[in-house]
Amino acid sequence: MAPALLLCLTLGCAAALKPSCLSAQFRRPGDYILGGLFPFGMDTINLSARAEPSLVGCERLFVNGLIWALGMKFAIEEINNSTSLLPGVQLGYDMYDTCFEPLAALQPSLLFLTRNGTRAIGLHCNYTDYQPRVTAVIGPHKSDLCLATAKLFSFFLVPQVSYGGSSEQLSDPELYPSFYRTVPSDKNLVEAVVQLVNKFGWNWIATIGSDDEYGRGAQAQFSSMAGDHSICIAFEGLIPTDLADPKSKAHLEDTITAINKTNVNIIILFAYSKPAQALLRHSIRMGLSKKVWIGTEAWMLSNTAASIPNIQSIGTVLGFIMKTSRVPGFQNYVTDLFTSVQQEKFCQESREATQLMGPDPLPTRCQSCNHVSLGDVWPTLSLSQVQPVHVAVYSVAHALHRALGCTHRACPRAPIRPWQLLHFMNTLPFQVNGQSFRFDQSHGTHTGYKLIFWSWKNNSLTYLPVGDYEGSLDINNSLIHFHTADQKEPTSECLRHCKPGQFREIKGFHLCCYDCTDCPENTFWSQKDSSTCTPCPQQQWSPARSTQCYERSQRYLLWHEPLTIALLTLMAITTALTCLTALLFLRNLQTPLVRASGGRLSLFALLSLVLLCLSCCLHIGKPSDHLCMAQQVLHALGLTGCFSTFFVKSLEITLVTEFPRCAPSLLHWVTQRAWLLVALCLLTECSLCCCYLRLGPDSLVADYKSLPREVLLVCHTQSWGAFALLHGYNGCLALVCFLGTFMVQSRGKKYNMARGITFAILMYFITCIFFVAFFATLKTVLRSVTQICTILTTSLGILGTYYIPKCYIILLKPDLNTEDYCQYSTKEEPEEDSANRQ
């Protein structure tokens, strides 16, 4: 086979010196005509200069478009020669040039829709019985052209099968009910590219698209998927498709400069051949460092792109092409055809067959094809994807076969309206060369992709398959040799793979570029969402950079803590001193000093102080609601018991010093009813305790915020009003005692009983000021410590200022424990009366 092809190739090159009749091969009569839209040419004349709606022409031949058109011709001739598909039916065809331009594609599209045998499109209310010139249309290739023609054909419900339109917009059967395609949509391609990028761990990339429907659509699809796969797009740009525009060069240069600034190593290029080639040329000229270029079939297999001078310097090229099979016999058919079009007899027969269709209404077939040799198309012929065109023709043929009700032997001759084919195209599979195809719900086929690597050896390029994609990507990494300085796989990462216990913190302008930051305390890293740290539940805690939470331990003032032991020691000393003082007062109960100090009332006050000191134990250990209520109640009642005796004594002193004339009668009444006054004070405090318990007593609260690793069990003040009511009464008693004693002075060397009460009350007030300040702000175990210290300070202050001086006299100065020395304040007349007598 190879020597024969080489011989034909040589003969074809020699014969190409004279014009052939290849341009006459794209129109044939038949029972049912299929229209064809193929890009025979490219580089249209400047469209902006059109002053009249004249014909749009192309300047250069596009070899791939010629091969695709020959693929349609080959498929139709195969079907016409088939004995099983459409037996006895001859398909005709009518192919026109699109020039890659929607304007050029619309004119033949309108021609296809004209009534059969005329050049006019009839205006009707109902087109059910309308018979256009063609039964179906094959093409066009580009998505832009498909979007322009699909709505036109969909209005008439003429089946249109594209062999290259991949835009996702065309997947909507409601907008384009008669549009079909034999290639996957861009969504499938983008999914394959995303998986490729993820396979190599690249997440800092640039994407460039041609400024057309294909480039913009694929780029938008990739952008929407990138964020879900932790891929950061450092640069996103569009390159012009109109390279004749004076601004296009500056635009390309700006794009390459912007890529350089991002320091990316991966560039994804969604573009057709021409704009892709322009970008690659400028990249080489501007000295862009070696990158990994991820391409698509639109430019990957372009001989023009591969033949750019010094193309190897761009780096590594990987890309996806549609997974297709070779069409059996097609290369031989093309070889024979190029030989035949040089023969006059064959050309004459071709012209006669064309004339049977009547005069050609449009001169836009392929005029430059007559000067093309087999040698010109042979390099492209081995690479061009012809199967999508082949399958497109067969899909229409199978639908027509079923619509006519053909058997394997014959087909009835019946008029078929184009819309009658749609049902069979939508529902039934069809076979092409032993391979089964079927249009899905979006009227497309998905055959998968091959991953291609540009492999260079001795300046010779090989398109090396290195992987497959059919829903998931499989790559043979050993076949890929990256063109880098160290021949190793390049890295392109903005965000690193964070370690367990770290989350990704946005860095800089790019929202998907991160720094790895340790999770703070009381949060943990969850593998489900590595971009944030998850707070621990309230009852748990965690250290910094943690991957899990731990149960909190309970925190309160423990009995075995050093601070607790110190406080208990101080409480024991205070209690012991109070008890010893009470025993000393009991033994000397009938002495003048003890009787002047209150006698049995003093013993009651000392007993209240003992109970007050012992209430410190309520603040140690695990608290509860009942303990929290008991703490404040016992504190208040203990102080009231002590201050009520001071109140009685202060009242006696006030009567003697301030009301000497009334003192004898009133003083007797007070001394006889001293216990009644103490009881009234206690009853009043008890009633206030009931109000406190009713309005808002202290209760146990679990504080999860104050300590990082523990839950703090504290007694929480629910109502500061009830708290103030409870303790405010003692403050009032203390204030009355203070006002009754602080101005009293002794005469001569008499003992001043009021001074002890005054200093005791002053110690209480000073302690209260510090207590309120600390108690209202502290929310740790120190709150309990504050209350214990307040109780002990108050108790020691009263002992030190009121009782200890009396103990000193009783023990060390017994000669002063006399009626004359101790009863001065109640027996002597005031100084003012003595002066008046004189």
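This passage describes two sheets, two helix pairs and one aromatic pair in a predicted model. Local features were accepted only at pLDDT of at least 70 and side-chain atom pairs only at pLDDT 80 or more, whereas totals for chains, interfaces and linings use all residues. Residues are numbered from 1 along each chain as its sequence is written, and side-chain values use heavy atoms, with hydrogens and water left out.

Helices (H or I, at least four residues) and strands (E, at least two) are DSSP runs, numbered from the N terminus. Two strands are taken to pair if DSSP finds at least two bridges between them. Strands of a sheet pair through backbone hydrogen bonds, either parallel or antiparallel.

One open sheet consists of six strands with mixed pairing, in the order β1-β5-β2-β6-β7-β8. Its edges are formed by β1 (27–28) and β8 (179–181); each has a single partner strand, so one side of each is left without a neighbour in the sheet. Within this sheet, β2 (residues 32–38) and β6 (residues 136–138) pair in the parallel sense over three bridges, and L34 stands opposite A136 in β6. Helix α4 (residues 143–156) packs on the sheet and touches β6, β7 (160–162) and β8, where contact means heavy atoms within 4.5 Å. The direction of α4 makes about 160° with that of β7; axes are lines fitted to C-alpha atoms, for helices over the stretch in contact, and angles run from 0 to 180 degrees between N-to-C directions. Helix α14 (residues 387–404) also packs on the sheet, touching β2, β5 (91–97), β6 and β7, and its direction makes about 160° with that of β2.

A further open sheet, again of mixed pairing, has eight strands in the order β10-β9-β11-β12-β13-β16-β17-β18. Here β10 (232–239) and β18 stand at the edges, and because each has a single partner strand, one side of each lacks a neighbour in the sheet. On average, neighbouring strands of this sheet are turned by 25° against each other, direction ignored. Strands β9 and β11 (residues 266–270) run parallel and are joined by five bridges; the bridge partner of I208 in β11 is L269. Helix α7 (residues 247–262) lies across β9, β10 and β11 and runs at about 170° to β10.

Two helix pairs were also examined. Two packed helices are described by the angle between their axes and the distance between the axes. Helices α2 (residues 63–80) and α13 (residues 374–381) pack at an angle of about 85°, with their axes 10 Å apart. The two are therefore roughly perpendicular; angles of 65 to 115 degrees count as such, those under 35 as roughly parallel, those over 145 as roughly antiparallel and the rest as oblique. In this contact, V63, N64, L66 and I67 of α2 meet D376, V377, T380 and L381 of α13. The axes of α21 (residues 674–695) and α22 (residues 720–741) come within 7 Å and cross at roughly 165°, and these helices are therefore roughly antiparallel to each other.

The structure holds 37 aromatic pairs. Rings of Phe, Tyr and Trp (its six-membered ring) pair if their centres lie within 6.5 Å; planes under 30 degrees apart count as stacked, over 60 as edge-to-face and the rest as tilted. The ring centres of F200 and F482 are 5.7 Å apart and their planes stand at 90°, so the pair is edge-to-face. Because F200 lies in the loop between α5 (186–199) and β9 (204–210) and F482 in the loop between β18 (473–475) and β19 (502–506), the pair ties together parts that are 282 residues apart in sequence.
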